[in-house]
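Hello,

I am passing on a structure for you to look through. Please open it first, then read the notes below it.

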Amino acid sequence: MYVATEPLEDLLIAELAEHGYDVGAVEITVGTNYEAVGEAMSAGTLDVGFLPGGTYVLYDDSAEVILTATRAGLNNDSDNPADWNENKPTEATDEQVTYYRSILIAGPSEKGRELADKINSGEELTWEDVDSASWSVMSSSSSAGYIYPTIWMQENFGRSLTDLSQIVQADSYANSFARLAAEQVDLIVAYADARRDYVDIWEEDFGADNDIWEDTDVVGVTPGIYNDTISVSRFSEIMDDDLIEALQQSFINIAQTDEGREVIAIYSHEGYKPATSEDYDVEREAQQILRDMSE
């Protein structure tokens with residue numbers, strides 16, 4: 001990992017020099033895990049850290065977010081599920097976005113079609129609707145496969161996924177989609193738009209009768225799940241507003257070069273945009289859900 005990210009050191013030195021900072025050296029280390037990075041930022045022994053949103057909000061008393069990573073967006077982003085169904089199939093765009101969503105996908109079963117028809121006719125689902133359906137979800141630590149769908153349930157019905165009468169946990173999204181195609185479940189939850197990754201195998205491997213876009217519809221859309229952060233330590237001895245601004249612009253510029261894009265691709269980043277703490281408020285709600293589940 002270090003060998004792959006080592007070029008970022010020279011890129012940062014060169015970019016910071018353009019912003020008036022003559023930095024003799026930049027040292028990039030790879031933490032044993034994200035919590036270790038957060039702890040080092042709390043101690044002031046790290047000036048800058050790459051942290052997922054979930055880890056950042058756990059350490060936001062010690063870390064200040066300055067950038068959010070971006071990735072290619074989708075041509076569907078509405079919080080109204082019917083809009084996704086009117087605009088199928090979902091396709092990637094050239095626009096860089098700072099978040100992705102989780103979606104509730106109804107399959108070809110009789111109940112799945114019933115719920116999809118209700119959404120597509122402009123109606124809203126009731127608790128009785130979702131509780132009468134069978135669900136496949138991911139593990140309770142999965143943002144798109146559990147936590148954010150739980151937020152959706154709370155926002156719409158004041159309930160949690162654990163309140164559902166018929167729910168099974170899948171060990172992979174592929175497993176969830178296989179169950180959906182076989183009509184073993186009526187609804188699954190997945191990152192948007194996971195259907196793009198299963199177009200070919202929906203019929204070939206899962207034995208569905210129709211194209212995945214014909215067989216499935218979106219019936220729920222969660223709030224945005226913000227991408228990874230670049231954050232700075234509140235206890236760094238060198239960090240101030242001017243350096244933060246220089247770092248922001250340096251990373252943004254690096255991501256616009258071929259060499260820079262190759263380096264940050266190691267982190268599954270494609271670019272960066274300025275961020276604020278408030279961008280991660282929903283993630284704070286997600287972390288509270290995790291804490292509540294562990295009690």
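**Helix α3**

In helix α3, which spans residues 34–43, the buried residues are V37, G38, A40 and M41. They lie on the same side of α3, because the arc they cover around the axis is only 160 degrees. The general background is that an α-helix has 3.6 residues a turn, so residues three or four places apart point the same way. Please keep in mind that this is a predicted model.

What do the buried residues of α3 pack against? Their partners are three strands: β1 (48–51), β2 (63–74) and β11 (229–233).

Both ends of this helix can be described. At the N-terminal end, N33 acts as the cap of α3, with a side-chain oxygen 3.1 Å from the backbone nitrogen of E35. After α3 comes G44, which has a positive phi, near 80 degrees.

**Helix α6**

The second helix to look at is α6, residues 110–120, where K111, G112, L115, A116, K118 and I119 are buried. These residues line one face of the helix, because they fall within an arc of 160 degrees when seen down the axis of α6. The elements covering the buried residues of α6 include the helices α5 (81–86) and α7 (127–131). Also among them are the strands β5 (102–106), β8 (187–191) and β9 (217–221). G122 follows α6 and has a positive phi, near 95 degrees.

**The two pockets**

How much space lies in the largest pocket? The volume is about 890 Å³. The lining of this pocket consists of 35 residues, and those closest to the centre are E27, I28, V48, G49 and F50. At least two lining residues come from each of α2 (7–18), α3, β1 and α12 (241–254). Helix α3, described above for its buried residues, therefore also has a part in this lining. Sorted by class, the lining of the largest pocket holds 26 nonpolar, six polar and three charged residues.

The second largest pocket has about 500 Å³ of space. It is lined by 20 residues, and A72, L74, Y100, A192 and D193 are the ones nearest its centre. Two or more residues of this lining come from each of β2, β3 (92–97) and β4 (99–100). Strand β2 is also one of the elements that the buried residues of α3 pack against. Which classes make up the lining of the second largest pocket? The lining has nine nonpolar, four polar and seven charged residues.

Regards

Definitions and conventions:
Residues numbered from 1 in each chain as written. Predicted model: local features only at pLDDT ≥ 70, side-chain atom pairs only at ≥ 80, totals over all residues. Heavy atoms only, no water. Buried < 20%, exposed > 50% of the residue type's maximum accessible area, 1.4 Å probe, protein only. Helix = DSSP H or I, 4+ residues; strand = E, 2+ residues; numbered from the N terminus. Arc of directions from axis to C-beta. Contact = heavy atoms within 4.5 Å. Polar contact = N/O pair within 3.5 Å; in protein donor to acceptor, adjacent residues only side chain to side chain. 1 Å grid on protein atoms, 1.4 Å probe; cavity = no way out; pocket = protein on both sides within 12 Å on 5 of 7 lines; lining within 4 Å. Points joined across faces, edges and corners; volume = space filled by probe spheres on them. Nonpolar A, V, L, I, M, F, W, Y, C, P; charged D, E, K, R; others polar.
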